[in-house]
Amino acid sequence: MIYNWFEERLELKKFKAKFLAKTFPTHPSYLVGEIALFSFITLVLTGLFLGFLYEPSVKLVSLFGSMVPAAYASVVKIDLMPMGMIIRRMHHWSAMLMISSIILHLMRVYFTSAYQKPRELNWLVGLSLLGISLGAAFSGYLLPYSQFSVTATSIAYYMVKSIPWVGDWFSRLLFAGPFPAIGMVPRFFFLHVMLIPLGIVALLGAHMTILVKQKHTEPRTNIGRPEGGNGKRLIGIPIWPEQAVISLSFFLFLLFTIAAIATYIPINPIETYGAPAPGTPVMRPDWYFLWVYGFLKLIPGNLSFTIFGGKITPETIGGVIFPGLTFLILALIPFFDRAKEPQNYNKSPFARPFMTAFGLGGGTFILMTAVAGYIDVLHISPDRMLVYTGIATVAVWGIVYAVLSAVKKKSGL
Amino acid sequence: MVEGNQTEKGITRRKFTLGVMIASMAGAFASLFSLLKVLAPASKGAGYVSTIKPGDRLVYAKGGNAGSPVKASSMSLGDAVLVYPVGKTSNPANLVQLIKLNESDFKAPTKINLTDQGFVAYSAICTHLGCTVSWVKNTANPSASITECFCHNSMFDPAKGAEVIGGPAPIPIAQIGVKINGDSLVFTSDFTGPIGPQV
């Protein structure tokens with residue numbers, strides 16, 4: 001009866017036929033993107049809790065007899081509350097999971113060439129989501145205002161400032177003035193809890209809308225299956241009720257997993273780092289920034305020059321040009337590896353030796369720059385590490401390309 | 001009737017509306033620039049500007065005796081501490097690394113006239129990305145100890161004017177003069193060069 005009341009007003013049947021009948025492919029690799037979505041929901045939920053308690057201010061307050069910034073004190077107090085530390089760890093672990101799953105999702109799309117016509121646009125929206133998620137993670141670094149936060153943010157400030165031409169202005173816009181500005185913590189708080197999440201929601205909306213409009217690509221095993229009517233229909237299960245049930249149970253399982261990890265494994269223990277103080281301990285960023293961090297260590301310090309009045313320093317190369325170029329190359333991929341006809345089936349990575357080798361070679365390069373973040377522990381000099389990085393990249397690229405080409409030739413794919 | 005009149009005069013309603021739209025959009029964009037300017041506070045006192053004056057006494061920057069004068073007699077060969085000028089500890093640009101070596105260890109471009117009985121002082125701000133440098137003591141040969149920034153492993157040789165001997169730092173760390181005064185130390189000069197990241 002209640003259903004009828006709503007049905008008469010909202011025409012739910014029509015809505016269901018139009019939107020909830022969208023078909024989902026059933027291959028498990030298609031769930032990776034959902035992990036990212038669910039991690040984001042977990043981030044919002046845990047963030048709501050933290051938002052009630054966090055104080056975005058660097059004004060000095062007394063905590064256990066010593067004067068520390070209010071932001072730091074408020075996070076220590078969160079950790080001391082019942083459930084507080086678990087919620088804060090869940091927040092940080094979800095962020096890691098979100099970025100991991102976005103990268104895995106990107107790899108799935110890349111290696112099955114799902115970015116080809118007509119899905120180039122959604123590839124770009126997806127890349128923007130990766131970029132903005134890294135921004136969300138980064139803006140969260142500063143908020144506890146521990147020794148770690150301040151060091152990481154200071155490094156980022158000088159990286160932004162090293163952008164040629166606009167760096168000085170842009171760094172002041174982002175960090176509310178020259179580092180360390182009083183207004184920096186409130187500004188990052190606003191970016192972290194308002195502007196960036198709004199951006200993520202908008203991009204997610206675009207990502208999902210385009211997905212529903214264009215439909216998923218299908219596993220190759222579906223080619224020629226009679227249910228598909230010769231490729232006219234996507235084989236899978238509808239959003240309502242089948243996929244919805246799978247997704248909901250998957251979400252709850254993920255929430256349980258994050259809570260379990262957060263219960264037992266500490267992350268970002270700010271009490272260990274302490275409040276900001278002179279002196280910089282050995283510290284490394286979270287794993288998803290290791291590549292930039294490691295690459296910064298590899299660039300020789302004397303590599304600096306001026307071009308059209310813009311100053312290019314080692315920091316510009318490591319902190320701006322390197323990550324910028326990586327994203328640019330990723331963005332251009334669908335426009336180089338093109339398909340004439342709209343593609344609705346995944347391609348096998350074995351059938352595309354060049355693109356697969358390019359992806360694995362590029363992945364190796366990024367991985368090696370992340371390893372370069374540990375050269376002080378591994379006792380490798382930057383020059384030698386640069387050589388190792390080059391060798392590993394070329395070797396993986398070459399071997400994968402040679403092997404896949406031979407396999408392709410032999411099997412006559 | 002009305003439409004006929006419009007075409008005769010040359011400016012149609014459609015053209016007029018379009019013109020107004022473009023003009024107001026341009027105005028809106030132009031105002032955006034002044035908005036962004038307000039949001040990016042000026043660089044007044046930007047970067048690291050030290051306020052150390054000759055004659056300022058050196059005090060410990062951290063640890064249990066933070067704020068009390070540095071004792072010259074407490075430092076032996078190959079030791080280093082982070083120090084501030086007394087009463088000026090809130091400015092991170094004033095953070096200095098005080099190092100004790102042998103008088104005979106110093107080589108150019110170290111400014112020997114700015115050292116006193118093996119005490120030499122450099123800015124503690126790494127010239128790469130602004131982290132505070134650390135001291136890596138060589139226990140076997142204390143004179144060969146080096147200054148290293150643990151952020152990206154830039155290394156500096158304190159016996160050679162803090163020249164870069166490894167890692168991504170672009171320039172040496174600036175020296176600052178110190179001399180012994182009783183059992184404590186005082187600054188005797190300004191920094192010899194720029195301090196902090198060179199971006």
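Domains, a buried histidine and two helix packings

In this predicted model, the centres of domain 1 and domain 2 of chain B, taken over C-alpha atoms, are 63 Å apart. The domain assignment of chain B gives residues 2-39 to domain 1 and residues 58-191 to domain 2.

Reader: What makes B:His152 count as buried or exposed?

Author: The relative accessible area of B:His152 is 2%. Buried means under 20%, so B:His152 is buried. B:His152 is found in the loop between strand 6 (146-149) and strand 7 (154-157) of chain B. Leaving aside neighbours within four places in sequence, its contacts include A:Ile155, A:Tyr293, A:Leu296 and A:Lys297 from chain A, and B:His128, B:Leu129 and B:Pro168 from chain B.

Reader: Why is helix 12 of chain A called largely enclosed by the rest of the structure?

Author: Helix 12 (residues 290-298) has 9 of its 9 residues buried, so the description follows. Among them are A:Trp291, A:Tyr293 and A:Phe295. The buried residues pack against helix 7 (147-161), helix 13 (314-336), helix 14 (353-371), helix 15 (375-378) and helix 16 (382-411) of chain A.

Reader: Why are helix 3 and helix 5 of chain A called roughly antiparallel?

Author: Helix 3 (residues 32-53) and helix 5 (residues 84-111) of chain A pack at an angle of about 155 degrees. Angles over 145 degrees count as roughly antiparallel, and therefore the two helices are described that way. Their axes are 8 Å apart, and helix 3 of chain A passes helix 5 of chain A in a left-handed crossing. By class, their contact has 14 nonpolar, 10 polar and 1 charged residues.

Conventions:
Residues are numbered from 1 along each chain as its sequence is written. Chains are lettered from A and ligands numbered from 1 in the order in which they are written. This is a predicted model: local features need pLDDT of at least 70, side-chain atom pairs count only at pLDDT 80 or more; totals for chains, interfaces and linings use all residues. Side-chain values use heavy atoms; hydrogens and water are left out. Domain bounds come from an automatic or database domain assignment. Helices (H or I, at least four residues) and strands (E, at least two) are DSSP runs, numbered from the N terminus. Buried means under 20% relative accessible area, exposed over 50%, partly exposed in between (1.4 Å probe, protein chains only). Contact means heavy atoms within 4.5 Å. Axes are lines fitted to C-alpha atoms, for helices over the stretch in contact, and angles run from 0 to 180 degrees between N-to-C directions. Angles under 35 degrees count as roughly parallel, over 145 as roughly antiparallel, 65 to 115 as roughly perpendicular and the rest as oblique. A crossing is left-handed if the near helix is turned anticlockwise from the far one by less than a right angle, and right-handed if clockwise. Ala, Val, Leu, Ile, Met, Phe, Trp, Tyr, Cys and Pro count as nonpolar, Asp, Glu, Lys and Arg as charged, and the others, Gly among them, as polar.
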